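Welcome, and please open the structure in your viewer. This tour tells you what to select next and what you will find there.

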Amino acid sequence: PAAERKEVGNSLTTWISKCDHIAIHDDYAELIAKFLNIGEIQKALDLIEQLLSVRVSNISDTPEYRFEEWSLEHFLKKVVPDLGRTGDIRALDLFARLLNESFTVSGERGSRWQFFNTSSLPAIEEHEQNQEYIGHQCYLVFAIRDIALALATSHWNDVIACIRRYDDRIFMRIELYLRARFPKKDLRGTAELLFQEEILRKSEFHHELFHLLKACFGDLSDLAQDYYLRFVGDEARLAEIRERRGAIKDENWPRIKKQLIYGGLIPIADYLVGEWKTRYEAYLAEFGEKPHPDFEVYMEGGRLINRMPTRPLEEFTACSAEAFANRIRDLEADPESSTDSKSELANTLRDLVATRTAEFAAGAPYFSGLPIMYTRSFLGSIRDYLETQRPLEPNAWCSVLKLCSFEVKQYRNVVEDKRNYRETYMHLR
């Protein structure tokens with residue numbers, strides 16, 4: 001009866017507000033489903049809001065949740081599909097508000113979450129790149145995504161208006177994702193986004209923007225297409241990137257410049273004609289297909305695998321293991337060397353070990369004492385080689401094990417950051 005439902009709902013809300021931790025998620029999910037089935041949508045939303053509300057920790061300035069991460073994931077998998085089927089925009093608004101409040105509570109507005117793509121959630125869709133980063137806030141993003149997808153067909157304008165109510169960049173990423181999933185809807189609105197310099201320039205938007213361009217670039221107006229192509233080849237933009245990266249040698253810049261233009265053309269390759277098509281095909285012939293071009297950074301086993309080298313691998317064919325290790329030490333000793341140039345050399349080392357495994361494995365001790373990213377690239381490539389069931393010669397094994405023995409005995413002053421620890425030192429060990 002309605003009177004009893006109201007009493008039960010009010011009693012539960014009061015009791016939950018006094019709880020610091022809740023584990024019986026299935027019971028709450030079933031109750032919420034019953035409320036939704038009888039049309040008590042607001043009662044269900046009120047209960048969800050109380051369960052998922054964020055509080056400030058008494059110990060530190062971090063958000064606290066009543067559900068553990070695994071419990072929250074299980075709970076949302078049960079309730080979100082039902083919420084999407086209601087067709088009620090209030091469900092989307094609730095989760096958007098909860099996510100926004102979690103930023104406020106955790107003090108993350110304008111700081112870490114401004115770099116959500118590369119440090120906290122590489123993709124809005126379900127993707128293996130997300131696996132290391134998922135937490136409470138990420139599950140809220142997934143709930144927003146799934147409810148928005150369920151409502152978008154019949155409530156597109158309301159969905160976009162709800163998403164735009166909040167100014168954190170993650171909400172813009174969600175909108176870009178939705179537009180890529182519904183590329184024929186509101187092409188004018190999509191074109192307006194492509195006129196926003198921040199969206200085109202900021203790396204946080206790269207993944208969703210890539211898929212949006214791939215889905216609908218051919219349907220955009222000539223004006224919008226021309227604007228994007230001018231942006232890709234804009235000399236001022238390229239010069240700004242060079243200045244931001246720092247210490248790029250003049251002899252390397254022409255190749256890097258072409259790679260930057262190539263990266264901007266990849267998502268729209270199917271729509272290119274004339275001069276731009278010719279340029280794209282020339283870049284493709286020179287650099288080959290870029291692995292995972294929809295990600296600025298793509299990690300496998302703690303290794304970056306999708307950055308194109310500023311110099312072709314052939315330039316290092318005459319470089320011995322000892323000579324290459326000395327080249328790394330020279331670069332590390334150079335105060336003007338950039339982070340990009342160091343990352344590139346680590347990637348080149350990985351590729352050299354992959355193509356000349358026996359030689360470099362025998363010279364493994366030359367790489368002792370180098371910064372973690374080089375040793376990780378070296379050993380990662382050795383591991384990949386071994387996974388193909390190919391053996392190493394005994395002397396090469398001895399050299400590799402000497403390097404490993406040296407590294408595990410070293411003291412590392414690891415930065416007190418969980419993600420940095422996980423992606424560097426733990427993978428190396």
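Before the first stop, a word on residue classes: Ala, Val, Leu, Ile, Met, Phe, Trp, Tyr, Cys and Pro count as nonpolar, Asp, Glu, Lys and Arg count as charged, and the others, Gly among them, count as polar. You are looking at a predicted model, in which local features need pLDDT of at least 70 and side-chain atom pairs count only at pLDDT 80 or more, while totals for chains, interfaces and linings use all residues. Residues are numbered from 1 along each chain as its sequence is written, and side-chain values use heavy atoms, with hydrogens and water left out.

**The whole protein**

Start with a cartoon view. The protein has 21 helices and 4 strands (DSSP runs numbered from the N terminus: H or I of at least four residues for helices, E of at least two for strands). Of its 429 residues, 49% are buried (under 20% relative accessible area, with exposed meaning over 50% and partly exposed in between, for a 1.4 Å probe and protein chains only). Take the contacts (heavy atoms within 4.5 Å) between residues at least 6 apart in sequence: 69% of them join residues at least 24 apart.

**The cavity**

Now select Leu 51, Leu 52, Tyr 65, Arg 66, Phe 67, Leu 72, His 136 and Leu 140, which line the largest cavity. Two elements, α3 (41-52) and α7 (136-163), give two or more residues to this lining. Colour the lining by class and you get 6 nonpolar, 1 polar and 1 charged. A cavity here is a set of points on a 1 Å grid over the protein atoms alone where a 1.4 Å probe fits but cannot get out, and lining residues have an atom within 4 Å of a point. Grid points are joined across faces, edges and corners, and a volume is the space filled by probe spheres set on the points. The space in the largest cavity is about 40 Å³, and the search of the whole structure finds 1 cavity of 30 Å³ or more.

**The rings**

Next, select Phe 217, Tyr 228, Phe 231 and Tyr 271, a cluster linked by ring pairs. Rings of Phe, Tyr and Trp (its six-membered ring) pair if their centres lie within 6.5 Å. The whole structure holds 15 aromatic pairs. Add Arg 237, which lies over the face of Phe 231 at 4.6 Å from the ring centre (CZ of Arg, or NZ of Lys, must be within 6 Å of the centre and within 35 degrees of the ring normal).

**Two helix residues**

Go to Gly 84 in helix α4 (residues 69-86). Is Gly 84 buried or exposed? Gly 84 is buried, because its relative accessible area is 10%. Show its neighbours too: leaving aside residues up to four places away in sequence, Gly 84 touches Ala 150 and Leu 151. Ala 148 is 64 residues from Gly 84 in sequence, yet 7.6 Å away in space, C-alpha to C-alpha.

Then move to Phe 35 in helix α2 (residues 25-37). Phe 35 has a relative accessible area of 4%, so it counts as buried. Between Phe 35 and Leu 47 there are 9.8 Å in space, C-alpha to C-alpha, and 12 residues in sequence.

**Two loops**

Finish with Asp 186, in the loop between α8 (169-181) and α9 (187-194). Its phi is positive, near 50°, in a residue other than glycine. Asp 186 is partly exposed, at 34% relative accessibility.

The last selection is His 292, in the loop between α15 (274-287) and β3 (299-300). His 292 is not a glycine, yet has a positive phi of about 50°. With a relative accessible area of 29%, His 292 is partly exposed.

Key: On a 1 Å grid over the protein atoms alone, a cavity is a set of points where a 1.4 Å probe fits but cannot get out, and a pocket is an open set with protein on both sides within 12 Å along at least five of seven lines; lining residues have an atom within 4 Å of a point. Rings of Phe, Tyr and Trp (its six-membered ring) pair if their centres lie within 6.5 Å; planes under 30 degrees apart count as stacked, over 60 as edge-to-face and the rest as tilted.
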